[in-house]
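Q: Please take me through one part of this model up close, and then show me how it sits in the rest of the chain.

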Amino acid sequence: MKIPSVKGTRDFYPDVMSVRNFIIDGWKGASVRSNFVEYDGPIFEYLTMYQQKSGDEIASQLFAFTDRGGRDLAIRPEITPTLARMVNQRINALPKPIKWFSVPRLCRAERPQKGRLREFFQWNVDIIGVDDVLADAETIFCAVDYLRQVGLTSSDVAVRISSRKMLAVMLKTLGIADEQLNAVYAVLDKRSKIPAEAFEKILAEAIADEVVRSKVAELMAVESVEQLDLFAAGNQKCIDALDELKQLFSCLESMGIADYCKFDIGIVRGLAYYTGVVFEIYDTSSSLRAICGGGRYDNLLADFGGPKISATGFGMGDCVLAILLEEKGLLPKASGLGTVDCYVACLDEELRQKSVKIAAKLRASGICAEFSYKSGNLGKQLKQASALNAKSCIILGQEFKQDGKVVLKDMAEGSQQIIAIEELFKQMQS
RNA sequence: GUGAGAGUAGCUCAGCUGGUUAGAGCACCGGAUUGUGGAUCCGGGGGUCGGGGGUUCGAAUCCCCUCUUUCACCCCA
């Protein structure tokens with residue numbers, strides 16, 4: 001019976017696997033450059049860990065199961081709760097700031113579509129214990145540093161940044177009540193994603209008062225931090241919140257990534273736990289969903305039973321990123337081949353064990369060596385060496401039987417020399 | 001969860017309004033070629049036409065169900 005692969009999953013054949021590794025190696029490299037250290041947690045956790053943060057709605061998008069001891073568990077749909085749990089458990093022992101990253105494999109039971117699968121990898125970078133926009137800036141830097149390193153320029157991608165704190169203060173100043181905030185956020189988050197008329201309609205549903213509504217609409221039309229000064233005028237809370245945002249942009253400037261970053265008051269982010277800076281990274285040309293999203297979440301550790309410690313970070317998934325890199329031609333050619341330094345061919349059956357022995361000896365000294373499973377027909381073996389993209393080829397024939405010499409062939413040049421095998425080992429080791 | 005399109009060899013696809021044994025290119029394997037590779041030529045293996053049911057003398061083709069996939073909506077931690 002043929003068993004198909006499961007909906008929304010991918011098979012990583014060697015050529016595809018090399019792309020996955022390319023992406024993940026890049027992520028890890030960028031993390032390490034900014035001195036983040038790697039952690040990981042279990043692939044499943046208690047179901048309630050995800051429910052308490054995100055509500056029951058989210059539970060339907062989880063892969064949940066009950067184990068034999070009756071525990072309700074779920075495969076992790078994100079790693080932030082695990083991070084919060086791990087950090088809380090050792091909060092007193094961990095030196096601050098905590099700068100951690102991870103590349104977890106995550107599962108969400110959503111309907112697959114472009115840039116979204118049921119199983120994927122997500123780069124997570126977080127700084128815990130720093131209540132300063134410099135930390136927000138550093139996580140953004142880390143993301144941009146990766147994107148830049150992989151070849152995406154500021155005309156390919158843009159970081160759109162806003163602040164929940166600033167937005168909250170401004171909205172309250174304009175007459176929005178505390179308990180209305182989350183509903184208004186949800187509407188504002190849609191602003192750039194739906195047509196203007198549709199936006200006005202749902203905004204009208206969320207804010208009944210026409211005067212307040214027009215002021216909010218005016219606020220949302222703001223295109224720069226400077227324009228916000230008008231709204232903040234005279235209100236100290238607003239001025240403070242704005243200062244923080246200005247400070248953030250000044251950090252980004254110092255970090256040399258200002259050209260990638262722009263203020264966008266429409267960036268709100270779906271869920272409630274963000275408390276300060278929020279940002280999303282988009283590709284500027286096509287209309288893919290966000291490549292990356294993150295922000296400050298100062299209450300999360302406390303929500304998970306720990307002390308109140310500030311935190312900020314982001315997640316970047318592999319699916320949208322891979323589509324973008326593919327579109328831009330920034331993925332390496334996927335061959336699915338290894339990197340053979342030396343292919344050992346032999347011309348007659350008596351020499352086969354010798355060829356295996358030589359290959360094994362090369363391998364033992366750190367050289368990637370391959371041998372032929374068949375003796376004879378040299379043309380065929382060279383063909384195989386070519387197909388494997390071997391850099392060089394050792395040929396065992398008469399001269400080896402007579403006085404221990406082999407032909408060493410450079411596969412790119414086509415040139416070859418006769419050399420004593422012992423001499424060859426010496427050369428290869430140096 | 002809702003809606004729409006698609007599914008023929010490992011991949012990209014052809015296959016007319018239903019009609020013999022379902023084809024091509026690429027890939028793979030073998031041979032030409034038992035001491036010189038990437039080329040060329042020749043040959044070969046591979047398919048219950050996604051699966052199940054129905055209509056029909058006859059189904060890859062028409063109908064229904066289901067699975068997968070693509071795209072959009074919901075959601076997006």
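A: **Around K328**

K328 sits in the loop that runs from α13 (318-327) to β13 (342-346); helices here are DSSP runs of H or I with at least four residues and strands are E runs of at least two, both numbered from the N terminus. Bear in mind that this is a predicted model, so local features need pLDDT of at least 70 and side-chain atom pairs count only at pLDDT 80 or more, while totals for chains, interfaces and linings use all residues. On bookkeeping, residues are numbered from 1 along each chain as its sequence is written, chains are lettered from A and ligands numbered from 1 in the order written, and side-chain values use heavy atoms, with hydrogens and water left out.

With a relative accessible area of 30%, K328 is partly exposed (buried means under 20%, exposed over 50%, and partly exposed in between, using a 1.4 Å probe and protein chains only). Ignoring residues up to four places away in sequence, K328 touches L152, D156 and S285, where a contact means heavy atoms within 4.5 Å. There is a long jump in sequence here too: K328 and G151 are 177 residues apart along the chain, yet their C-alpha atoms are separated by 8.9 Å.

Now put that loop next to the domain split. Domain 1 of chain A covers 14-41 + 79-327, and domain 2 covers 342-429; those bounds come from an automatic or database domain assignment. The centres of the two domains, taken over C-alpha atoms, are 55 Å apart. The overall dimensions are worth having alongside: chain A has a radius of gyration of 29 Å, against near 22 Å for a compact globule of 430 residues (taken over C-alpha atoms, with the globule rule being 2.2 Å times the number of residues to the power 0.38). Along the principal axes, the C-alpha atoms fill a box of roughly 100 × 55 × 45 Å.

Follow L152 from K328 and you get to L147, since L152 is a contact of both. L147 belongs to helix α5 (residues 133-149), and at 0% relative accessibility L147 is buried. Besides L152, the residues L147 touches are V157, I281, M316 and L321, again leaving out anything up to four places away. By contrast, S34 isn't on that list: 113 residues separate L147 and S34 in sequence, and 14 Å separates their C-alpha atoms.

I127 is another good stop. This residue lies in strand β7 (residues 119-128) and is buried, with a relative accessible area of 1%. Beyond four places in sequence, I127 is in contact with F36, P97, I98, K99, A135, E138, T139, S310, A311 and T312. The C-alpha atoms of I127 and W100 are separated by 6.6 Å, with their positions 27 residues apart along the chain. P97, one of those contacts of I127, deserves a look of its own: a cis peptide bond joins K96 and P97, with omega about -5 degrees. P97 itself is in the loop between α4 and β5 (98-102). As for α4 (residues 80-89), 7 of its 10 residues are buried, so this helix is largely enclosed by the rest of the structure. Those buried residues are T80, P81, T82, L83, A84, V87 and N88.

Two asparagines are worth checking for backbone geometry. N35, in the loop between α1 (14-33) and β1 (37-38), has phi near 60 degrees, a positive value in a residue other than glycine. N389, in the loop between α15 (378-387) and β15 (392-396), also has a positive phi, near 65 degrees. N35 is exposed at 53% relative accessibility, and N389 is exposed at 55%.

For a loop residue that goes the other way, try I207, between α8 (196-206) and α9 (210-220). I207 counts as buried at 2% relative accessibility, and touches I176, V184, V212, R213 and V216 once residues up to four places away are set aside. I176 is 31 residues from I207 along the chain, with 8.2 Å between their C-alpha atoms.

Zooming out, chain A has 17 helices and 17 strands. Buried residues make up 46% of its 430 residues. Among contacts between residues at least 6 apart in sequence, 67% join residues at least 24 apart.
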